[in-house]
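Here are some exercises to work through with the model open beside you. Try each task on your own before you read its solution.

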Amino acid sequence: DTEGLLRIKEENLRHYRRAQRHQEKKEKIQRHNRKLGDLVEKKTYDLKTQYEHLANLRRTHILELTSVIFPIEEVKTSMRDPADVSSESDNAMTSSTVSKLAEARRTTYLSGRWVCDDHNGDTSISITGPWIILPNNGDYSAYYSWVEEKKTTQGPDMEHNNPAHTISAALCYATQLVNTLSLILDVNLPKKLCNRQVKTQQRNHEFCGENLSRHRFTRAVKKLNANILHLCFSQHVNLDLLHPLHTLRNLMYLVSPDTENLGR
């Protein structure tokens, strides 16, 4: 029994010494983890600082781009509210008639259906200059009419001061700006729109090449609107300001100096 007791004491002593070594290793690992934690925290702070610096550079670049090369502005129109004009000509008009006229003014017949548009008739959005504008409500029927008319009528007078050229140019510039913004912001666009001529495919710009059919034109506009909305979502633009048909207005909100997260 005494010899067995001595063997147990020696075994317990070995376990004790081994436990001390494990405790020292544990403390060493904990000190190492604390150092790594401090290093990771410092690196995280440095990375966040670099992200903020990069965001500021992107923001500065975008604001310079949209102020010098691609300025986007609202163009006020001189159109008066039909309700106001009618009420001036007929003092006996009822309030219900005035309200119905105002409601009719806020609706637009677009692609076979009536859509509500609070900005209809008030403003248009210009890009690169006040003479290149897009209808605020997304109604590009002037382009469709122009293409259909060119199929049946020939002559250079048709192409002079035609609003279809303005629509085509504005969409062309918008596509160029969106593709440039995707490179600056490092955001992949969900839809591919070509804004240059590719030598291998001899493919022209979607909007500034040959006259597009109604189907191809509508498809290209939908792609452009999807890309603009995708960029707006990536930069946390207020969703209440966006409308799926307002091409340049959504783009204007995206590159506005008031967009807090621009460049993220």
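The exercises below go from the whole chain to single residues.

This is a predicted model, in which local features need pLDDT of at least 70, side-chain atom pairs count only at pLDDT 80 or more, and totals for chains, interfaces and linings use all residues. Residues are numbered from 1 along each chain as its sequence is written, and side-chain values use heavy atoms, with hydrogens and water left out.

**Exercise 1. Confidence**

Task: Find which element has the lowest mean pLDDT and which has the highest.

Solution: Start with the scale: pLDDT is the predictor's confidence in each residue, from 0 to 100. For the chain the mean is 79, with 72% of the residues at 70 or more. Next, go through the elements; helices (H or I, at least four residues) and strands (E, at least two) are DSSP runs, numbered from the N terminus. Helix H2 (residues 82-89) has the lowest mean, 44, and helix H1 (residues 2-68) the highest, 93. Then look at stretches: residues 79-89 stay under 50, and the model gives them 13 contacts beyond four places in sequence, where contact means heavy atoms within 4.5 Å. Residues 198-204 are also below 50, with nine contacts beyond near neighbours in sequence.

**Exercise 2. The overall layout**

Task: Work out how many helices and strands the chain has, and in what pattern they follow.

Solution: Count the elements to reach seven helices and five strands. Read along the sequence, they give α-β-α-α-β-β-β-β-α-α-α-α. Now turn to contacts: of those with a separation of 6 or more, 64% join residues 24 or more positions apart. Finish with the surface, about 17700 Å² in accessible area, 52% of it belonging to carbon and sulfur atoms; such areas come from the Shrake-Rupley method with a 1.4 Å probe, and for residues only the protein chains shown count as cover.

**Exercise 3. The nonpolar core**

Task: Identify the residues with the most contacts inside the largest nonpolar core, and the element that supplies its largest share.

Solution: First, fix the burial classes: buried means under 20% relative accessible area, exposed over 50%, and partly exposed in between (1.4 Å probe, protein chains only). By this rule, 33% of the 264 residues are buried. A nonpolar core is a set of buried Ala, Val, Leu, Ile, Met, Phe, Trp, Tyr and Cys residues joined through side-chain atoms within 4.5 Å. The largest one has 44 residues, and Ile 127, Leu 171, Leu 181, Phe 217 and Leu 251 have the most contacts inside it. At least two core residues come from each of H1, strand E4 (123-127), helix H4 (141-152), helix H5 (163-185), H6 and helix H7 (247-254). H5 gives the largest share, 11 residues. Lastly, zoom in on Ile 127: beyond four places in sequence, its contacts include Phe 70, Ile 72, Tyr 173, Leu 177 and Leu 248.

**Exercise 4. Two salt bridges**

Task: Locate the two salt bridges and ask of Arg 249: is this residue buried or exposed?

Solution: Apply the criterion, a side-chain nitrogen of Lys or Arg within 4 Å of a carboxyl oxygen of Asp or Glu. One bridge joins Asp 46 and Lys 42, at 3.2 Å from N to O. These two are four residues apart in helix H1, so about one helical turn separates them. Asp 46 is partly exposed, at 29% relative accessible area. In the other bridge, Arg 249 meets Glu 74, with the closest N and O atoms 2.8 Å apart. This pair links distant parts of the chain, since Arg 249 is in helix H7 and Glu 74 in strand E1 (residues 72-76), 175 residues away. Arg 249 is buried, with a relative accessible area of 3%, while Glu 74 is partly exposed at 35%.

**Exercise 5. Backbone angles**

Task: Say where Thr 128 and His 236 lie, and what their phi values are.

Solution: Begin with the background: most residues other than glycine have a negative phi. Thr 128, in the loop between E4 and strand E5 (133-135), has a positive phi near 65°. His 236 has a positive phi as well, about 60°, and is in the loop between H6 and H7. His 236 is partly exposed, with a relative accessible area of 47%.
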